[in-house]
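Open the model in your viewer and keep the selection tool at hand. We will go stop by stop.

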Amino acid sequence: MFAKPTTNGPVTNTKLPGYMISRGYQRPKAHISDREIYFRTSLQNTILDVLKSRPGWQEAPSETEWDFFWCDREWLHQNYDTTFLQENQKILHFRNYYELTRKNLMVKNIKRLKRQTEREFGKLEGQSFDFYPTTYELPSEYHIFVEEFKKNPGIIWIMKPAAKSQGHGIFLFRKLKDITNWKKGDYQPLADQTKEAPELYVVQRYISNPYLIGGRKFDLRVYVLVVSYNPLKAWLYREGFARFSNSKFSLDSIEDAYIHLTNVAVQKTAPDYDPEKGCKWSLQRLRNYLIAKHGIEVVQKTYKDIDNIIIRSLQSVQKTIINDKHCFEMYGFDVILDSNLKPWLIEINASPSLTASGKEDYILKCGLLNDVLNVLDLEHKLTGNEKRVGGWDLMWDDGPVLNDDQLDSQQSILTLPTPNTFLGLFISSHICWSLLEVAK
Ligand SMILES: Nc1ncnc2c1ncn2[C@@H]1O[C@H](COP(=O)(O)OP(=O)(O)OP(=O)(O)O)[C@@H](O)[C@H]1O
């Protein structure tokens, strides 16, 4: 077990600016595996429970003396650039994590990689990026949006603030005049003439034919762990959940958030929300339901497409994200299935909610977080060659990852694949394997 550290006396003067504190901190001489691991977190939910109950881990004795920090984004913005991280320190978030998680930047990055792929590999290859609904940034792309709007009369659009969450500021509309108020608010100079930048929004084609279960719309929350962007190394979690809306789907009342927005933060405020029943299904339950209804091949294709969404999205920021060996990211991908079972990427969250909405949710999140810590391996228990750690499957390690069973059966077609066939092969075998696991 871990012995108590022999400290050289960390600097604890919290009045000093962050960078001075960090530079003043002397790492205890004892090797990390010879002593307890010091954690820090600003969150009070499941992550704190998991960290507190992890054998050999204890709360950091000071703000600067930590090995593992589940930090919030505000801390990152204020301190990262002036903090010198020690060899063994691990911290949540890459410096410019928002490249993938701000709605406008996510779309910009994906569009850019699509264009580049089309140039290098042709239009057909570019189609593998057609997984997000048509999106424009406002106000900058307002005029292009208006052209697109006029070409598609009668369709429904959804307006979303680029950097907000939990459904704040979101609304649906059919007519341009419905966004006049928003436009006015953002374009007209304030009375006192201060030049505050208008709030950025994205306007997105609304998926008006969602796949329904029991008449209700849902979206999927899929967890992905990135431990390096260069080379790209990503893990996919086997469990996650589907979040249902509380009210039956209808396009008659597009102003009703309880019908159209599936975020738990919105749904739990519904007057008839039942906290006991909640509004979630596990991904496993959903997979079983879909397989029973549509057969394994159809569902396999859907899951193959979800894998494609994840890999393409990560690749779209691979050269943009500032890679740092101290950083990791646990993303929550939000995906909606349409009535043809085609998955659409709605959003990627860098801080997916870790607050449990019930007992099952608590178990899922504690398992998920413990498995994150197992992958990060501050205790040095892994060999580094693992393809599965707890519920995490290694899905990309500077290229697609196949497990040993898949390699045996696929070896012959693995000879010099093109980027597309290689990705396709990886995705189908990965999904087949996940489905077989479910069927067990
Ligand atoms: N293009 C779309 N088509 C259909 N439904 C959508 C679309 N975009 C968003 N939604 C619905 O609105 C909800 C909220 O959207 P989104 O996740 O983009 O916003 P958010 O406020 O950032 O949410 P979160 O709290 O999950 O970060 C989604 O869960 C989904 O149900």
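**Stop 1: the ligand**

Select the ligand and what lies around it. This is a predicted model. The ligand is surrounded by 22 residues. Ser165, Ile207, Leu261, Thr262 and Glu347 are the closest. Now color this shell by residue type. You should find 9 nonpolar, 8 polar and 5 charged residues.

Which strands each supply at least two residues of the shell? Select strand 6 (157-161), strand 13 (327-337) and strand 14 (343-349). Strand 14 gives the most, with 3 residues.

Next, color by domain. Domain 2 covers 100-132 + 216-439, and domain 3 covers 134-206. The shell draws at least three residues from each of these two.

**Stop 2: proline 133**

Select proline 133. Its place is in the loop between helix 6 (123-126) and strand 5 (135-138). Buried or exposed? Proline 133 is partly exposed, because 18 other C-beta atoms lie within 10 Å, and a residue counts as buried from 20 upward and as exposed at 12 or fewer.

Show its contacts, leaving out residues up to four places away in sequence. Proline 133 touches Gln204, Arg205, Ile207 and Trp344. Ile207 is also one of the residues closest to the ligand.

Now pick arginine 119 as well. Proline 133 and arginine 119 are 14 residues apart along the chain. Their C-alpha atoms are separated by 22 Å.

**Stop 3: an open sheet**

Select strands 5, 8, 6 and 7. These 4 strands form an open sheet, in the order 5-8-6-7, with antiparallel pairing. Strand 5 and strand 7 (171-173) are the edges, and each pairs on one side only. On average, neighboring strands here are turned by 25 degrees against each other, direction ignored.

Look between strand 6 and strand 8 (residues 201-205). The two run antiparallel and are joined by 5 bridges. Find isoleucine 158. Opposite it, in strand 8, stands glutamine 204. Glutamine 204 has also been on our route already, as a contact of proline 133.

Add helix 5 (residues 103-121). Helix 5 packs on the sheet and touches strand 5, strand 6 and strand 8. The direction of helix 5 makes about 60 degrees with that of strand 8.

**Stop 4: two cis bonds**

Most peptide bonds are trans. The next two are not.

Select leucine 138 and proline 139. The bond from leucine 138 to proline 139 is cis, with omega near 10 degrees. Proline 139 sits in the loop between strand 5 and helix 7 (142-151).

Move on to asparagine 230 and proline 231. Their peptide bond is cis too, with omega near 0 degrees. Where is proline 231? Look in the loop between strand 9 (218-229) and strand 10 (232-237).

**Stop 5: two positive phi angles**

Most residues other than glycine have a negative phi. Two residues to select here have a positive one.

Start with glutamine 166. Its phi is near 60 degrees. Glutamine 166 lies in the loop between strand 6 and strand 7. Glutamine 166 is exposed, because 12 other C-beta atoms lie within 10 Å, and 12 or fewer counts as exposed.

Finish at aspartate 377. Phi is about 55 degrees there. Aspartate 377 lies in the loop between helix 13 (359-376) and strand 15 (388-389). With 15 other C-beta atoms within 10 Å, aspartate 377 is partly exposed.

Notes
Residues numbered from 1 in each chain as written. Predicted model: local features only at pLDDT ≥ 70, side-chain atom pairs only at ≥ 80, totals over all residues. Near = placed C-beta within 6 Å. Nonpolar A, V, L, I, M, F, W, Y, C, P; charged D, E, K, R; others polar. Domains from an automatic or database assignment. Contact = placed C-beta atoms within 7 Å. Pairing = 2+ DSSP bridges. Axes fitted to C-alpha atoms, helices over the stretch in contact; angles between N-to-C directions.
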